[in-house]
Amino acid sequence: LTPGLAVVLVGEDPASQIYVRNKGEQSKAAGMHSVTHRLPAETSEAELLALVKTLNADPAIHGILVQLPVPKHINDQTIIAALDPDKDVDGLHVINAGRLANGLPALTACTPLGSMILLKETLGDLTGKRAVVVGRSVLVGRPIAQLLLRADCTVTIAHSKTENLKAVCQEADILVAAVGRPGMIRGSWIKEGATVIDVGINRVPFSDPVAAAAGKTKVVGDVKFKEASRRAAFITPVPNGVGPMTIACLLQNTITAARRIAGLE
């Protein structure tokens, strides 16, 4: 049995291009059957749905990932709902999200899953720790909150509109930043000795005027890394922190899906 992963990219989003290339390279390196569908930005919702239907029926494909965001004329929830839940390796289908929320086995969103592996391998038992998740997206914020609850943490979900967000963050033994705002969380917001998982991926201009004038950008997280690292016991960098774990968990989910579809333990 060779696990098969299909990644679908619609449009030319620069960050998505990098993710899709890395996913393709890593899945092939692991010996998987890897297929990438690159579609133009003007692809219609009906055309994308037709491709998803074809991949759902393809016995050589066990995992399907439609890279988000999709162009604005396509409803991402419509596309996610069209996925076979057994092949939804990004864990976004309502069936998988519902199973996760109810404590049942489910294909789980890759970034939260990778973040939890980092936390458990670094801290061990998470029982009783105060966890604050800044961000409430269905892709990261909500599923990682569910996983932290499963690990017996006391969990607070905060967001950009939370009153006195700084004080909320300062209470966290574990702080997960997934709000999508570059450098929003400052070093003074971090509790001494806390563990910080920075999920943010933000492209910003270089501070150097020449590089900025040339249109060059760099990738930064939601946390001011240098400031926060003076207070945190552990912190993930951006890039090359959570990102490689996300891809590793995508491959893991594809293997899990392949085994379930084949009726294996």
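This is a short walk through the sheets, the cysteines and the cavity of one structure.

Hi everyone, thanks for coming. Please keep in mind that we are looking at a predicted model.

Let me start with the strands. Five of them make an open sheet, and reading across it the order is β5-β4-β6-β7-β10, with parallel pairing. At the edges sit β5, residues 154–158, and β10, residues 234–235, each of which pairs on one side only. Further in, β4 (residues 130–134) runs parallel to β6 (residues 174–177), and four bridges join the two. If you want to find that register on your screens, look for A131, whose bridge partner in β6 is I174.

Now over to another pair of strands, β8 and β9. Here the pairing is antiparallel, again with four bridges, and β9 covers residues 217–220. To pin down the register here, take N202, which has V220 as its bridge partner in β9. What do the side chains do along β8, residues 202–205? They alternate: N202 and V204 point to one face and are buried, whereas R203 and P205 point to the other face and are not buried.

Next, the cysteines. How many disulfides does the structure hold? The count is zero. Take C153: the nearest cysteine sulfur belongs to C169 and is 16 Å away, and C153 is in no disulfide. C153 is also buried, at 6% relative accessible area. Then there is C249, where the closest cysteine sulfur is that of C110. Why is there no bond between these two? Their sulfurs are 6.5 Å apart, which is too far for one, because a disulfide here needs the two sulfur atoms within 2.5 Å. C249 counts as buried too, with a relative accessibility of 2%.

Last stop, the empty space inside. The structure holds one cavity of 30 Å³ or more, and the largest cavity has about 60 Å³ of space. Which residues line this largest cavity? The lining is I64, L65, V66, L68, I79, I80, L83, D88, D90 and L92. By class, that makes eight nonpolar residues, two charged ones and no polar ones. Both β3 (63–66) and α3 (76–82) supply at least two residues of this lining, and β3 has the largest share, with three residues.

So that was the tour: strands, cysteines and a cavity. Happy to take questions, and thanks for listening!

Terms used. Residues numbered from 1 in each chain as written. Predicted model: local features only at pLDDT ≥ 70, side-chain atom pairs only at ≥ 80, totals over all residues. Heavy atoms only, no water. Buried < 20%, exposed > 50% of the residue type's maximum accessible area, 1.4 Å probe, protein only. Pairing = 2+ DSSP bridges. 1 Å grid on protein atoms, 1.4 Å probe; cavity = no way out; pocket = protein on both sides within 12 Å on 5 of 7 lines; lining within 4 Å. Points joined across faces, edges and corners; volume = space filled by probe spheres on them. Nonpolar A, V, L, I, M, F, W, Y, C, P; charged D, E, K, R; others polar.
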